[in-house]
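This report introduces a single protein chain to a reader who has not met it before. The sequence and the model are shown first, and the description follows.

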Amino acid sequence: MPQSADPAVDPAAGPAVDPAAVSARDRDAVLHAVSSAVLAVTRHLSVREVLQVIVRSAARLLDAKYAALGVPDDDGAFAEFVAEGISDEQWKAIGPTPRQHGMLGAMLRQGTPVRLADIRKDPRFEWWPKAHPILKDFLGVPITDGGTVLGIIFLSNKRTPGGFDDADEELLTLFAAHAAIAITNARLYERGRELTVIEERTRMARELHDAVSQKLFSLRLTARAAAALARTDPERAAEAIDRVERMAGEALTELRAVIVELRPPELDRHGLVESLRKQVVLLDRLHPARVAFTAEGEPPGDPDLDSARDLAPEIEVAVLRVAQEALHNAVRHARAGRIDVRLAHEETGLVLEVSDDGAGFDSTGLDGAGVHGLGLPSMSDRAQAVGGRLSVSSAPGRGTTVRLEVPA
């Protein structure tokens with residue numbers, strides 16, 4: 001089927017949608033679907049997570065097996081590219097995200113919808129990587145803000161026989177108009193959070209200078225005095241050394257208080273799930289062990305995020321830090337062939353598990369006092385600070401599982 005476009009419409013603005021052509025029921029479906037993406041912004045989700053909500057909603061709305069959304073960058077590639085219907089294993093086999101060529105490039109340049117009975121027969125189609133799923137019927141719509149193309153959303157392989165029709169195109173175009181608002185708001189919100197983080201870190205730097213550095217300066221002077229008195233007046237030297245010990249403890253306490261307040265910047269940019277995913281992907285690339293991540297369940301509330309509750313910031317920090325420590329242990333000490341990270345929203349609360357098939361150790365009677373320098377006391381302290389519980393299960397030659405449970 002040829003490209004569907006209205007020549008009387010400015011291509012940069014996208015085709016006009018006749019509201020009468022879209023039934024009230026379809027409009028309600030669009031509004032409900034896009035509300036998830038809009039509300040995702042208010043739940044402190046990253047731009048990428050908002051894009052994932054949009055893609056998932058579009059696939060459900062139009063009953064498509066595959067859906068994807070690409071946000072172009074200025075270097076001929078995509079700054080973000082998310083898809084629905086493709087597993088993590090398939091993505092890894094496919095390889096790098098696509099560049100702005102072929103049909104995707106044509107849609108970005110033209111800024112108009114494309115609807116085809118078989119994309120493989122269109123002259124703009126070029127090729128797919130070997131592991132790429134076979135796409136047939138195709139519907140793509142630009143996501144625009146004024147005259148700017150923010151991205152493209154496309155669907156393929158409609159489950160209902162007959163492929164995509166005029167009503168589907170009008171519905172996706174209406175959905176894309178609302179998606180543009182969600183993407184713009186997410187970007188603005190993310191930028192606002194970044195500015196807030198910068199301001200907060202500036203404040204922390206001042207506190208470090210005003211409190212800790214001044215105390216360390218005094219500690220240094222007192223230590224010098226103790227050294228000078230050591231030969232001539234041992235009693236006064238001992239008193240000075242006591243002051244050094246006390247001041248060092250006070251400085252350490254203040255430093256820890258400041259550090260605890262620091263929120264990892266990746267949480268503000270990407271959110272907990274995506275931060276963990278990026279951490280796992282990086283480790284998988286850098287180390288010989290196979291490192292995999294799975295996220296299960298939805299936050300408490302509506303599955304489409306309409307009423308889902310946000311995790312408290314201190315819980316996100318605790319979960320991320322425990323995961324990082326457990327991953328570090330598995331990579332550095334376990335000699336594992338495979339490491340699995342699982343984050344699950346269960347009825348009882350949030351669960352994090354980091355499991356490996358490595359050397360393991362005897363965890364009998366383990367009470368968090370620390371084993372082989374694995375940082376277990378630190379992980380246990382973080383769990384307790386957010387009302388959670390940390391458990392470690394391990395045996396020689398049978399791997400290790402670190403489990404963090406935070407009640408709902």
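## Confidence of the model

The structure is a predicted model. Its mean pLDDT is 77, and 74% of the residues in the chain reach 70 or more. Among the elements of the chain, strand S8 (residues 349–356) has the highest confidence, at a mean of 94, while helix H1 (residues 24–42) has the lowest, at 58.

Two stretches call for caution. Residues 1–22 have a pLDDT below 50, although this stretch makes 38 contacts in the model beyond near neighbours in sequence. The pLDDT is also below 50 over residues 367–373, a stretch with nine contacts beyond near neighbours in sequence. Predicted coordinates should not be read in detail where pLDDT is low.

## Overall organisation

Nine helices and 10 strands make up the secondary structure of the chain. The chain has 408 residues, of which 42% count as buried. Its exposed area is about 21,300 Å², and 54% of that area is supplied by carbon and sulfur atoms.

Contacts between distant parts of the sequence are prominent in the count: of the contacts with a separation of 6 or more, 64% join residues 24 or more positions apart.

## Helix H2

Helix H2 covers residues 47–62, which gives it 16 residues. From the first C-alpha to the last, H2 reaches 23 Å, close to the 22 Å expected at 1.5 Å a residue.

H2 is mostly covered, with 12 of its 16 residues buried. The buried residues of H2 include Val47, Val50, Leu51, Val53, Ile54 and Val55 in its earlier part, and Ala58, Ala59, Leu61 and Leu62 further along. Glu49 and Ser57 of H2 are buried as well. The helix is followed by Asp63, which has a positive phi near 55°.

## Helix H4

Helix H4 (residues 102–110) is likewise mostly covered, as seven of its nine residues are buried. These are Gly102, Met103, Leu104, Gly105, Ala106, Met107 and Leu108.

Which strands do the buried residues of H4 pack against? They pack against strand S1 (64–72), strand S2 (78–84), strand S3 (114–116), strand S4 (138–145) and strand S5 (148–158). Just after H4 comes Gly111, where phi is positive at about 65°.

Notes:
Residues numbered from 1 in each chain as written. Predicted model: local features only at pLDDT ≥ 70, side-chain atom pairs only at ≥ 80, totals over all residues. Heavy atoms only, no water. Helix = DSSP H or I, 4+ residues; strand = E, 2+ residues; numbered from the N terminus. Buried < 20%, exposed > 50% of the residue type's maximum accessible area, 1.4 Å probe, protein only. Contact = heavy atoms within 4.5 Å. Areas by Shrake-Rupley, 256 points an atom, 1.4 Å probe, with all protein chains shown as cover. pLDDT = per-residue confidence, 0-100. Expected span 1.5 Å × (residues − 1).
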